[in-house]
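I opened a new notebook page for this structure. I wanted its overall build before any detail.

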Amino acid sequence: MTVRVEVAKSSEGADVVRRYAVGLMSGTSVDGIDAAVVEIQGDLSGIGKLKTRLLAFENLPYPEKAREEIFALFDPGQATIDRVGRLHVWLGELFAQAALAVIGKAGLTPRDIAWIGSHGQTIYHAPEAEVVDGLELRYTVQIGEGAVIAERTGIPCVSDFRVADLAAGGQGAPLVPYTEYLLYREEKRTLLLQNIGGIGNLTVLPGGCRAEQVYAFDTGPGNVLIDGVVSRLTQGEKTMDAGGSMAGRGRVDDRLLEMLMQEPYYRQPIPKSTGRERFSASYVDRLLEYRDRNHLSAEDLVATVTRLTAWTIGEGYRRFVRERHAADALIVGGGGSYNPVLMNMLREEMNAMGVSVMTQEDLGYSSDAKEAVAFALLAGCTLARRPNNLPGVTGAVRPVVMGKISYSFHGRDGEL
């Protein structure tokens, strides 16, 4: 397979390999497909220095019919084999379109791209062992067929990352911490990296750490409850609290907040991960029932679940991190970083513990593109046959190479 691989000279005169890759991501918020073209320089092993440069980013909203089908299949009762199979291929087509669109936006062609890394769309995640016939079974379902992406683009595609970690006894999540270790670690400062997507997750990078010293976990709901109540309260007219406008006009209901803080997940020891299976449509139903019984305004309910998200992040740090590694700074990415009300609440939580709060943009990165870039990097490790999980993060018994590779000779010269 002939692709663009450039060799340049570093300031020290050493050869530096430069490659172009595409990362594709769709999270629990289901707001569309994030597609990034990234230039990668250096070593993906974590030994040498790695540099990335974002060349182009696109968020392509799902067609309404596809989005409705994804939400329907979050309910296992509706996720029949035929519907899952059809959506698996359908999303493969949409992910391929997203890849081609962002490649064009970068001013490149598919022949310039070395690989695609696609997370897919999670519709079910069950990382806790279920014993069946004496066997411990852990399973997860990410859809968006990699073979379709490879065939439509002519570019090798790595997909379905999580299952290898689950097979090794891990949670299959979070996966981004390995790439955060590659890109963000510092010798002196301890950094926290918080993603606020549908679900929130926190990575801890102790100063001067080795890969095995990194740890991470899902903090709980990120935007999933905020988006859920906003969508229901506005009869679908809004799918998110853009700019925190509703929360900013509301007041936190302390009684409801105290009730929500009792969720057992927040006390569950790490490593741990969660998803829509826990913070589901039925969870939103209960929030709306409380609102009706207690005559809360829509704005008060949104303000309360927004405060909950900020509290879960602070609580995760207090409960599982602070005594081990007092942090210098928290760097926030994901859609939640664009909600000023949520960010102000988060600063109140963290500043009280001596931790400064900044965003990916403050460091010259993109909150929107961060996870898509991460899966481009993870796919590069897969193709290089390098382990790309962190057992200390996921709970796996050993490092594994995650991802399944799909090739196509379409549009290529037939060489691998």
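These entries go from the whole chain to one sheet and then to two helices.

**Entry 1: the whole chain.** I noted at the start that this is a predicted model. I counted the secondary structure of the chain and got 13 helices and 13 strands. I then looked up the extent of the C-alpha trace, which spans about 65 × 50 × 50 Å along its principal axes. I checked the radius of gyration against the rule for a compact globule: 416 residues would give a value near 22 Å, and the chain has 21 Å, so the two agree. I also looked up burial, and 56% of the 416 residues count as buried, that is, under 20% relative accessible area. Among contacts with a separation of 6 or more, I found that 68% join residues 24 or more positions apart.

**Entry 2: a sheet.** I asked in what order the strands of the open sheet lie. The 5 strands follow the order 10-9-8-11-12, and their pairing is mixed. I looked at the edges next: strand 10 (215-221) and strand 12 (356-359) have a single partner strand each, so one side of each is left without a neighbour in the sheet. The twist from one strand to the next averages 25 degrees.

I then took one pair by itself. Strand 11 (residues 329-333) runs parallel to strand 12, and 4 bridges join them. In this pair I found Val332 opposite Thr359 in strand 12.

**Entry 3: helices on the sheet.** Which strands does helix 10 touch? I found helix 10 packed on the sheet, in touch with strand 8 (191-196), strand 10 and strand 11. The direction of helix 10 makes about 150 degrees with that of strand 10. Helix 11 lies across strand 8, strand 11 and strand 12, and runs at about 150 degrees to strand 12.

**Entry 4: helix against helix.** I looked up how helix 10 (residues 298-320) and helix 11 (residues 340-351) pack: the angle is about 35 degrees, and the axes are 9 Å apart. I recorded the crossing of helix 10 and helix 11 as right-handed. On the helix 10 side, the residues that meet helix 11 include Ala303, Ala310, Trp311, Ile313 and Tyr317. On the helix 11 side, those in contact include Val341, Leu342, Met345, Leu346 and Glu349. I sorted the residues of this contact by kind, and they divide into 10 nonpolar, 3 polar and 4 charged. Among the residues listed for the contact are Arg307 and Arg318 in helix 10 and Glu348 in helix 11.

Definitions and conventions:
Residues numbered from 1 in each chain as written. Predicted model: local features only at pLDDT ≥ 70, side-chain atom pairs only at ≥ 80, totals over all residues. Heavy atoms only, no water. Axes fitted to C-alpha atoms, helices over the stretch in contact; angles between N-to-C directions. Helix = DSSP H or I, 4+ residues; strand = E, 2+ residues; numbered from the N terminus. Left-handed = near helix turned anticlockwise from the far one by under 90°. Contact = heavy atoms within 4.5 Å. Nonpolar A, V, L, I, M, F, W, Y, C, P; charged D, E, K, R; others polar. Pairing = 2+ DSSP bridges. Rg over C-alpha atoms; globule rule 2.2 N^0.38 Å. Buried < 20%, exposed > 50% of the residue type's maximum accessible area, 1.4 Å probe, protein only.
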